Number of protein chains: 2
Amino acid sequence: MTRELSLLLERKLERRDDLTPDEREALREVLAGTVLKRAGEDIVSQDALVDCSSLVVDGFCARYRDLADGRRQFTQMNLPGDFIDLHGFVLKRVDHGVRALTDCIVAMAPHSRLKVLTARHPHLTRLLWLETVVDAAIHREWLLALGRQEALERMALLLCEIYSRLEIVGLARDFRFRFPVTQAEVGDFLGMSAVHVNRTLKVLREAGWLTWDGADIRILMWDRLAEAAEFNPAYLRLERLPI
Amino acid sequence: MTRELSLLLERKLERRDDLTPDEREALREVLAGTVLKRAGEDIVSQDALVDCSSLVVDGFCARYRDLADGRRQFTQMNLPGDFIDLHGFVLKRVDHGVRALTDCIVAMAPHSRLKVLTARHPHLTRLLWLETVVDAAIHREWLLALGRQEALERMALLLCEIYSRLEIVGLARDFRFRFPVTQAEVGDFLGMSAVHVNRTLKVLREAGWLTWDGADIRILMWDRLAEAAEFNPAYLRLERLPI
DNA sequence: TTTCGTTCTTTACATAGGTTAGTCGAACAC
DNA sequence: GTGTTCGACTAACCTATGTAAAGAACGAAA
């Protein structure tokens, strides 16, 4: 069981650069047990000191920040294979919550173990560092989207990004994927009201760009979506560059 | 000269955690020379492989992303003492440009030297990692702002953040500071048109919350601004927590 | 089966903020 | 001097998107 979890982590880091047997061994020491979180539960609560980061094994979750009057913005989607709050390892105090959008299984990585790893394995440390830096690159893409792109462009970007990321971990192919998220939640990603999410989806559906039944999404015209979003997957850093 | 630069860097990292004499010594090896960039010039161009990160010694610059039709979003302000593109050290390919808003002096930190440092100094590595992670925390604050806050709230947030960050490095006090940036540039930060920046400033000026003459800003009612922005400096991670 | 709570969907209406098109003044070149 | 450029500022108008309200569809629970 724990063995399988380490493999998930190994495969994730190996997409970026080769690992030595020694480094693989070290990764096996990092994960403690797993925890099940129910849909709607908070995995991390806002404004807490943390001593543990976690790896999403199964399910969808999202990082969020709230305003006093209840306005909410999701700042990042976390898919299976993603490290949630790895930045918490160096930040110590996290400034936001993470919510399970569906039932989730997460594996814990205690900071004490990560610290041992970083003391002994500089290259592995840089790979973990890279993961947090890719998160920041995704943030920048969404800063552009929220600041300067319109509703339809943002929706297209979300679909392109989620499809691409799910495909990498084998959870999407042939332009189909499951995305079990309500329209209100999509609105919290895109910085728009649930009503406008609905309107925007109607336009996309009627233009024949996609179908969206329940949680099953099928993209019919990828090129149109990618063009509308000005989607360039470079920001996901899918390239393999030794570091 | 180079000695003074290292001191800037040392002081920056020491705000987060103590450094050993050994670590200080290592930092002195990191910076190569300085470069002068003129206002309006690009310090880093979009979508390039980078082999060097840089430290702002003097001046203001900003990271940006553009859309094909010219819409632009600044994703981060860089003030003196900030590491520009430290994330480039692990990311290798950067996805955005950095523009000098005023004449700037920047000190270069070649990645080859940073790599030597990370191989020998795990604690220092975590401190550098932390700097990139704080950048991401600031991104998240602005994702919330751009997604869910209104023009006036965002403007208030910008003023509170810039003042706080300038104060830390001794470039602001008594609620006064120089901010030599055009209203159009402010719009590119806040995701709004220059016209609306002007309107919003007029409201703030007439309400007596601030004065803004040329590049000289004076905040008259900090509490009002902070309340409107829901400004909580926690996201800047000013706390000192050993890592 | 009925009831209940979600979520999706639509309509009608309100408004924050964009766009366009200026004026004015300061700085600068010649 | 004169022209030129750039930024601050304003007004008129327009539209993308928010808000409020309600019905339809669906699954879960009883």
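Over residues 149–223 of chain A, the chain is 55% helix and 17% strand, and the C-alpha atoms at the two ends of this stretch are 18 Å apart. The UniProt record, in an unreviewed entry, lists these residues of chain A as "domain: HTH crp-type". It is worth keeping in mind throughout that the model is predicted.

The surroundings of the DNA make a natural next stop. Around DNA strand D there are 13 residues, of which Glu150(A), Ala151(A), Met192(A), His196(A) and Gln183(B) come nearest. Two or more residues of the surface near this strand are given by each of α8 (194–206) of chain A, α7 (183–190) of chain B and α8 (194–206) of chain B. The largest share, 4 residues, comes from α8(B).

DNA strand C has 14 residues around it, and those that come nearest are Gln183(A), Glu150(B), Ala151(B), Met192(B) and His196(B). Here the elements that each supply at least two residues of the nearby surface are α7 (183–190) and α8 of chain A, together with α8 of chain B. For DNA strand C, the largest share of that surface is the 5 residues from α8(A).

The two protein chains also meet one another: 42 residues of chain A are in contact with 42 residues of chain B. On the side of chain A that touches chain B, at least two residues are supplied by each of β6 (72–78), α3 (88–91), α4 (111–120) and α5 (122–148) of chain A. Of these, α5(A) gives the most, with 18 residues.

In chain B, helix α5 (residues 122–148) has 27 residues, which at 1.5 Å a residue should span 39 Å. The C-alpha atoms at its ends are indeed 39 Å apart, so the expected and modelled spans agree. Because 23 of the 27 residues of α5(B) are buried, this helix is largely enclosed by the rest of the structure.

Turning to the sheets of chain B, 4 strands form an open, antiparallel sheet in the order β1-β8-β3-β6. Its edge strands are β1 (34–37) and β6 (83–84) of chain B, each of which pairs on one side only. Strand β3 (residues 52–58) of chain B pairs with β6(B) over 2 bridges in the antiparallel sense, and Ser54(B) has Ile84(B) as its bridge partner in β6(B). Helix α4 (residues 111–120) of chain B lies across β3 and β8 (104–110) of chain B, running at about 55 degrees to β8(B).

A further open sheet of 4 strands in chain B follows the order β9-β10-β12-β11, again with antiparallel pairing. Strands β9 (172–173) and β11 (210–213) of chain B each have a single partner strand, so one side of each is left without a neighbour in the sheet. The antiparallel strands β11(B) and β12 (residues 216–219) of chain B are joined by 4 bridges, with Leu210(B) finding its bridge partner in Ile219(B) of β12(B).

Chain A offers some pairings of its own, centred here on strand β9 (residues 97–100) of chain A. Strand β2 (residues 42–44) of chain A runs antiparallel to β9(A) and is joined to it by 2 bridges; Val44(A) stands opposite Val98(A) in β9(A). Strand β5 (residues 61–66) of chain A is likewise antiparallel to β9(A), with 4 bridges between them, and Ala62(A) stands opposite Arg99(A) of β9(A).

Methods
Residues are numbered from 1 along each chain as its sequence is written. Chains are lettered from A and ligands numbered from 1 in the order in which they are written. This is a predicted model: local features need pLDDT of at least 70, side-chain atom pairs count only at pLDDT 80 or more; totals for chains, interfaces and linings use all residues. Two strands pair if DSSP finds at least two bridges between them. Two residues are in contact if their C-beta atoms, placed from the backbone, lie within 7 Å. Axes are lines fitted to C-alpha atoms, for helices over the stretch in contact, and angles run from 0 to 180 degrees between N-to-C directions. UniProt positions are given in the numbering used here, feature names are shortened, and annotations may be inferred rather than shown by experiment. The expected span of a helix is 1.5 Å times one less than its number of residues. A residue is buried if 20 or more other C-beta atoms lie within 10 Å of its own, exposed if 12 or fewer, and partly exposed in between; C-beta atoms are placed from the backbone. A residue is near a molecule or strand if its C-beta atom, placed from the backbone, lies within 6 Å of it.
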